[in-house]
Amino acid sequence: MIKIQNVQKSFAGTLALDIENLELHPGTCIGVVGNNGAGKTTFFKAILDLLKLDRGYVAVEDVHVSVSAAWQK
């Protein structure tokens, strides 16, 4: 399961990502749509720990992605 809690990311003062609580269970299929600059890429970069979040955390199987690489297995 992927758990996203209180995640925020801003760029130059513009809030690009603001997710209070989201849980994605195994086998769940989602679609992410939005205009250019809506935060779609930022969302995926946050899940993959490719950027530093301003607030909150992402966990995969209860492992925080910014703390440990164990989730990559």
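**A walk through a small β-β-α-β-β chain**

The secondary structure of this chain comes to 1 helix and 4 strands, where helices (H or I, at least four residues) and strands (E, at least two) are DSSP runs numbered from the N terminus. Starting at the N terminus, the order is β-β-α-β-β. The radius of gyration, taken over C-alpha atoms, is 12 Å, close to the 11 Å that the globule rule gives for 73 residues, so the chain is as compact as a globular protein of that length. That rule is 2.2 Å times the number of residues to the power 0.38.

Please keep in mind that this is a predicted model, in which local features need pLDDT of at least 70, side-chain atom pairs count only at pLDDT 80 or more, and totals for chains, interfaces and linings use all residues. Residues are numbered from 1 along each chain as its sequence is written, and side-chain values use heavy atoms, with hydrogens and water left out.

Now follow strand S1. It pairs with S2 in the antiparallel sense over 9 bridges, and with S3, also antiparallel, over 5 bridges; pairing requires at least two DSSP bridges between two strands. Gln 8 has a bridge partner in S2, Asp 18, and another in S3, Arg 55.

Next, look inside. The largest nonpolar core has 13 residues: such a core is a set of buried (under 20% relative accessible area, 1.4 Å probe, protein chains only) Ala, Val, Leu, Ile, Met, Phe, Trp, Tyr and Cys residues joined through side-chain atoms within 4.5 Å. Helix H1 gives the largest share, 3 residues.

Technical notes. Buried means under 20% relative accessible area, exposed over 50%, partly exposed in between (1.4 Å probe, protein chains only).
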